[in-house]
Every structure is written in C-alpha cells, then in structure tokens.
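Student: I have a model open and want to go through the packing and a few side chains. Can you walk me through them?

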Amino acid sequence: MKVVGIIAEFNPFHNGHLYLLNKAKEMFDNAIYILIMSGNFTQRAEPSILDKKSKTEIALTAGFDLVIELPFPFATASSEIFAAGATCLAKSLGVTDLVFGSESNDLTYLLKMVDIELNNSNFDPLVRVYLASGMNYPTARNAAFLDLTNESIKLPNDILASSYIKAIKKNNYKINVHAIKRTNDYNSNVLESDISSASSIRKALAKNENIKDQVPSYVLPYLEKIKDKVLTNEDYFKYIKYKLLTEDNENEYPSLDRSLINKLKKNINNVTSYDELINSVKTKNLTYRKVARGLLYYLCNYTKEKRDMMENVNYIRILGLNKKGQNYLNKIKKDCPLPLISKFTREKDEMLELEYKVSLIYYLEHINGNNIINDEFRAFPIRKE
C-alpha cells in the first residue's frame, strides 16, 4: 500500500491545498494520506490565524487520514531545518511518496541542483566565499548555483522542494518525490480567481473582504469565527517590547545573538510597531525573515542552548485521524522508530514542554484563547468517522 505524505502549514487551508491533495489522490488510488502540519506558528515566523485544532478538523474533512504535528523548533525554522524535521517524521511513519507544490514543476532540474549541492566539492566553498562578502545565506546559495550551473533556485516552493529532496537523499530515506505545479504566486497579496495565496487570503480577511471563492465551503465557518481578529505579529509586539525593556539576561537565540539584541533594546523606544522594529535592524545580509524568526524565538524563550538540545524529532504527536488512519497506526506502531503520542504529557519531553509554553504565548492573543488552551491536553487526537 502506498503511504502519501504532504507537508503544509494551512494558514489557512485554501483551494490550492485542496488541488494539491486531489492531484495526489489522482496519482495514488486507495492510499493512506498523511499530513505533517505546523501548529501555532509558521515558517515565516508568523502566528497561524487558525488554531491547530481547527486546522486539524479542516484537514480531516478535506480527506487526510492522519494529521501529525511538526514541532515548533522545525515548523518555524529555515527551509533546511523545516524539511529535515518533516521528512524525518514522514520516514518514521512509513511514507512511501512525498507530494509537494513546485513553481517549476521540474523534478529533473530540482534533483540536479540538489545533487550539485550535496556532491560538488566546489559548492560549499563558494557559498562560504559569498557569505564572507556580506551576502545572506539564500543569496549566497543561489550565487554558488549560478557559478556552477548558470541556474538557480529562487522561488519559495522550489526552495522548499529542494530542501525536502536534500533531506531525503542525505539520510537515504526510501521516499519517492512528486511535484505538483503551483498555479499561483506564493507571495501574492492580491486575491485571484479561485486559487489564491494564503498571504492574500489573510490580508483579505484582515480587510473584511469576501474570500468565499478562495477556500472550500467547510473552511468558511472557521474563518468567520476569527474575522474580527486575524492574528499577526503586530499582536505580539507589546510582549516583545516588554521583554526588551525589562530583561537583561545573557541568553542568545537562533537568528538573534547578543549584539542584535542590544540593537533591538536600543531601538525599541524609537519604534511603534513590529515592522518598524525589524526594519530598524535589518541589513543587506540580515533579512527581515531572519530577524522575525529571532524575535519569535526570543518571545518564546527558545534559546540556542535549547535548540542544540532539540536537533532531532524524538516523537510523533497525533493531532487527528479517521478510521483508516487509526488502522494504519495500529499496523505500524510496533515497528515505528519514534514513540506515538496521543495523550499530551509535557513533563515527559522537553520539546513537548516547549510546545506547551509556545501554545500559552500563542493563545495570549487568540480570540478564543481562554477557551482552547486546555485543548493541548484534552482535544487531541481529533477523531473523524
């Protein structure tokens, strides 16, 4: 039996995500469909506009058999760390085929570029040269590709796809990869016909615009509940400001060393928003997204020391499943290399303890925060008959 994995954030689930799932189902008849999903915060270091319980219910309605949480240290990281955690979970769950969106839809090209990155002895030295010249890592990586091939990987889904392929090849996972053509611009801020980017849908929701043509009908009730408060990083700015003004510890954070913290402390009283704070320290080789990740880790007290202790995924947390998913778990649980967690017991694992604390922070601003914080303990896994 084929076991098909899809890795996603669903922020929110839209017609493009449904298109990807349906294309996967056309490719693989009668397979198990597993979703590996980000929880409260996303890879862009932004809060998910819907809580993980809502996203899990939507995913099960859409047709996934099993929903697994990608832990915070991986879900919010750069593409390589994100892909490493997600593919590790996929391998541990017996995924045979990974399906992902791609702007180029050219697996031959993506496989060639990953092979160069892994096996060309000139690649890493070139990247180091460009980093030393002041480039940020994504730009340095692309410059190295251009030097060696006259080609590069610039578009976000292709970058993520190459990271999945790299993680699979590097670890010799027995997972086949399949690209589905992405039909819209990932970064577009404008609603398109029926398939629009998640970014444009979030912006439209914040402006109280109609998005019924861009998401499946069963998603609309969930979005209706949060339309009066569509979460953004701006909602958490006051907590970051408080920490910068009052804390004087010597911790460093991924993407945020002491010198950058000191710059942020120096600038905090001269800015009035989250964006202003980031732009006050952003430079050519220090991207907006890198600073945003650093601020998220600072907010959640996810230090470099904790990161070094959490380099590997060491559990599989089940968020939701149907009968087919339950039967599959029963079949693999004896041979699964990672423990399967259905009941949340944060005291048993430092990464689960971190996940709980991140949830507490997330729910400080969530419109239903007081009602759903206990979901971490009592709501999962969600079962759909």
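Tutor: Start with the largest nonpolar core, which has 95 residues; I34, F72 and L277 touch the most other members. A nonpolar core is a set of buried Ala, Val, Leu, Ile, Met, Phe, Trp, Tyr and Cys residues joined through side-chain atoms within 4.5 Å, and buried means under 20% relative accessible area (1.4 Å probe, protein chains only). This is a predicted model: local features need pLDDT of at least 70, side-chain atom pairs count only at pLDDT 80 or more, and totals for chains, interfaces and linings use all residues. Residues are numbered from 1 along each chain as its sequence is written, and side-chain values use heavy atoms, without hydrogens and water.

Student: What does I34 touch, leaving out residues up to four places away in sequence?

Tutor: V3, V4, G5, I6, F64, L66, I68, L93, V95 and Y328; contact means heavy atoms within 4.5 Å. Another core, of 37 residues, lies apart from the largest one and includes F13, I49, V215 and V230.

Student: New topic. How many disulfides?

Tutor: Zero, where a disulfide is a pair of cysteine sulfur atoms within 2.5 Å. For C88, the nearest cysteine sulfur is that of C336, 9.7 Å away.

Student: Is C88 buried or exposed?

Tutor: C88 counts as buried because its relative accessibility is 18%. C336 is buried too, at 12%.

Student: And D65, which side chain does it share a polar contact with?

Tutor: That of N322, at 2.9 Å; a polar contact is a pair of N or O atoms within 3.5 Å, and within protein one must be able to donate a hydrogen and the other to accept it, while residues adjacent in sequence count only if both atoms are side-chain atoms.

Note on methods
Buried < 20%, exposed > 50% of the residue type's maximum accessible area, 1.4 Å probe, protein only.
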